[in-house]
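Biologist: I would like to go through this model with you. Could you take my questions one at a time?

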Amino acid sequence: MIDVIVLGGGIVGASAALMLAQKGQRVALVERDFCGSHSSGVNYGGVRRQGRPLHQLPLSQRAHQLWADLPGLIGIDGEYVRCGHLKLARSPADFAALQAYATQTVGFGLDLQLLDQRQLHAHFPWVGDVAVGASLCPEDGHANPRLVSPAFARAAQRLGASVHEQAEVTRIEHDSRQFQVHCANGLHLQAPWLLNCAGAWAGSVAAQFGEPVPITSAHPAMLVTEPLPVVMTVSTGVEGGGIYARQVARGNCILGGGRGFAVGPRMARPGQVAVLEILRNAGELYPFLKGAQAIRTWSGTEGYLPDHEPVIGPSSTQPGLLHGFGFAGAGFQLGPAVGEALAEIVCTGASCHPIEAFSIRRFQA
Amino acid sequence: MALFKRLTETQRPALAFTLDGQPATGLLGDTLLTAVLTCAEHVRGSDFSAERRAGFCLMGACQDCWVRLGDGRRVRACSTLLEAGQAISRDPGRQP
Amino acid sequence: MKPVVIVGAGPAGIRAARTLLDHGIRPCLIDENLRAGGQIYRRQPENFQRSAKQLYGFEAGKALAVHHTMDELARLIDYRPHTLVWNAEDGRLDLLDNGRAESIEYSRLIVATGATDRILPVTGWTLPGVYSLGAAQIALKYQGCAIGERVAFCGSGPLLYLVAYQYAQAGAKVVAVLDSAPFSAQCRALPALLRQPLTLAKGMYYRAWLSAHGIPVHQGATLRQIDGDQRVHGIRWGEQTLECDAVAFAHALRSETQLADLLGCEFAWSSLNRAWLPQRDSAGRSSVEAVYLAGDGAGIMGAEAAQMAGECAALALLEDAGSTVDQRRREALQKQLARIRGFRQGLETAFPFPEHWAAQAPDELMLCRCEEVSVGAVRAVVDEGHWEVNRVKAHCRVGMGRCQGRMCGLAVAEIVAERSGRRIDQVGRLRGQAPIKPLPFGVEVQP
């Protein structure tokens, strides 16, 4: 007997499975490939609140609390560090935008610190001269998604969730009592609750239950350098978009920027245009990269809705069906809190944190 | 001390270079790897334990012979020919 | 007009270029090395004096022929030495030449990327003075150097005796040859090896020569450990030890398949090569339209077969492009290639893969020399329930470093298979990821 079937072993689905198992629910987590092997496991690894739209911040703050005790939650530290997130401005207008954001988010607990050009280069001498100012969120940070996301699934498993990898769902039905889920490998599961956390592939489940969403896929371009002397003390991004970069304790710098392309429905590559753009342009923001080598590139498949906001919460058509997908490349930090919110809906009927803004109803005319 | 031993082709013109700032001599037609290992015992320190390395495959595959040149370029020692006056420096690697 | 592009100027690529030119097509031949010839027929720098006989021994005639062909071709085709193909995308190859990046569109493409040594790591293998067999040969052939004063040759495969012989001939002190294959395996292999009696005879000659010159040859002797602190001091096998200051070792060769992977070629398990290889039909067509595979990059067959495969792939390409080609020639080549495949089967019997390697590898053994990941660390990830090599890589960084698993990838698969109780063909293969080799920041991009 199972209470909840979770579709998708990414950080959202695996967190939901973990939180449900913590609350004593009998959970089955179904993953087509390997848990945490798609965008949850191959993203940049930013664990960041700064820069999110205001209505995401309560959920993001809750996630921040959950990340605080990551080892307690999933049994490993996942290389998570709260080193700070520095958002760089390349022009006075961009700096003004950072100032405006800092004003708007007062009271949300981000503790943003604005740095003018002199302060920026005094505190972060490794930042290139093109940056004229920055906003620092001291308690943001980064983690290793390759380790963190699969660890959520393993933690759920340790608490009794059954985890089914290499299980591609071929058919889903609701027989007026329960969901029936059939997989290509012969697995058949049934439960009164179904959580649709299938990332970029979640749209077909929603559509099947009569609530199609205009979800599209996008593919970030990511690369990593050989190990370099450690100079970066914070994770960085740029106001208005561009290259983002962090450095791990072993010395490798991870950079992202631009978009890749899909090679088939499950695989994506960063693309030579984006890779060369990063290699050409990173130097002005991060001059210490001169002479360094990029040793590997990769991409993933991320689900985007037109407003770049996720879908979180109950189905509008099918009781027992909950959604949690479409994080527009920014779901890694939110994942644990979204999993918790979905688990709360199953157990108590409502999420403790506001999620109305993310309702699937917003796509219904 | 040297790691490599020249067996033949020793009558080539000498080329002066520096290794970590110290004067050294190689021969015209040497790769950087040959030039370094005929007068020293390693070409780099490993990234995570500063263990001595001296290349491995000599055909550009193993990536274990990267060295730094005076102009800031980083090159594979096994597949780069020595030029007179080059300043070769060896990355010491990082202690754990 | 988009050109026909060939990647790799070894025996396969050069013969393919020659064949295309003979049929009126001027190809672009891209090669990573400074001089064409590949590894087996690698040319020494221009100011070196040794004769082809000194460099290539029995193979001097073939090497000279390949070099001669290439010297002619260099003036007639678009030859681009010292150029790395770092990515393939959308009918284009991305190139890096002296810090400049550019891309080239192709109408059709022949991939002849060759091979490197197949390495099964052994304790001490990262010490200065330890090289692959191919590396030891390059030091001598290309630079006139020995890798040390007293050299031990270990592992298995045809290169083992050849390189030891070449070292001794050149005046190096060869302290021992350790062949991990037992003599009985070589007897079993004899019938298949007799398909190429000349090649067999050469192999026997090298070994007999070594013995006749007092060089100890130990059969069924598996290198267990290389001792040393800052450099090699000696080796151990069984209960025996031997002092030496350099070691060359490998277990035959492995194909360089990253480019075929990025091109989207389908791969299949080859039990003969004990590796995943891009699939090709008997003429050399890959699973991807307009992409052809030739030479050791799509399965180890040796230099002679590589030339035939290069010609075959070029003929198939010409035919697909609407040219008339000599069918009888192509059939004859394909027949010869089939015969060589039979001989290859014999070599695998004579130099069998040491299947016990994975079970016997100690936990402390460093498996991945880039990321410095031990066998024990890989086993720990497998013990957590992971059994697919890309997942194992994601969890412990094995194969994630500068060489992207070229040196350790096959050994990682062996460890994962042994530990997870799966067959070696059931643990997946490391996915190829651009760049094929490291790419510098600040690269200039040609419009």
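Biologist: Which residues in α4(C) meet residues in α5(C)?
Modeller: Leu133(C), Gly134(C), Ala136(C), Gln137(C) and Leu140(C) in α4(C) meet Leu159(C), Leu160(C), Val163(C), Gln166(C) and Tyr167(C) in α5(C). Contact means that the C-beta atoms of two residues, placed from the backbone, lie within 7 Å. Helices (H or I, at least four residues) and strands (E, at least two) are DSSP runs, numbered from the N terminus.

Biologist: How many residues of that contact are nonpolar, polar and charged?
Modeller: The contact of α4(C) with α5(C) has seven nonpolar, three polar and no charged residues. Ala, Val, Leu, Ile, Met, Phe, Trp, Tyr, Cys and Pro count as nonpolar, Asp, Glu, Lys and Arg as charged, and the others, Gly among them, as polar.

Biologist: Is this model predicted, and what should I know about the numbering?
Modeller: This is a predicted model, in which local features need pLDDT of at least 70 and side-chain atom pairs count only at pLDDT 80 or more, while totals for chains, interfaces and linings use all residues. Residues are numbered from 1 along each chain as its sequence is written, and chains are lettered from A and ligands numbered from 1 in the order in which they are written.

Biologist: Back to the helices: at what angle do α4 and α5 of chain C pack?
Modeller: Helix α4 (residues 133-143) and helix α5 (residues 158-169) of chain C pack at about 30 degrees, and their axes are 10 Å apart. Axes are lines fitted to C-alpha atoms, for helices over the stretch in contact, and angles run from 0 to 180 degrees between N-to-C directions. The angle makes α4(C) roughly parallel to α5(C), a term for angles under 35 degrees.

Biologist: Now the chain contact: how many residues do chain C and chain B give?
Modeller: Chain C gives 39 residues and chain B gives 33. On the side of chain C that touches chain B, the largest share, five residues, comes from α4(C). That side of chain C has 17 nonpolar, 13 polar and nine charged residues.

Biologist: Which domains does chain C have?
Modeller: The assignment for chain C gives domain 1 (4-116 + 254-323), domain 2 (119-251) and domain 3 (357-426); such bounds come from an automatic or database domain assignment. Eight residues from domain 1 of chain C and seven from domain 2 of chain C take part in their contact.

Biologist: And how many helices and strands are in chain A?
Modeller: Chain A has ten helices and 23 strands. Its C-alpha atoms fill a box of roughly 65 × 40 × 40 Å, taken along the principal axes.

Notes: Parallel < 35°, antiparallel > 145°, perpendicular 65-115°, else oblique.
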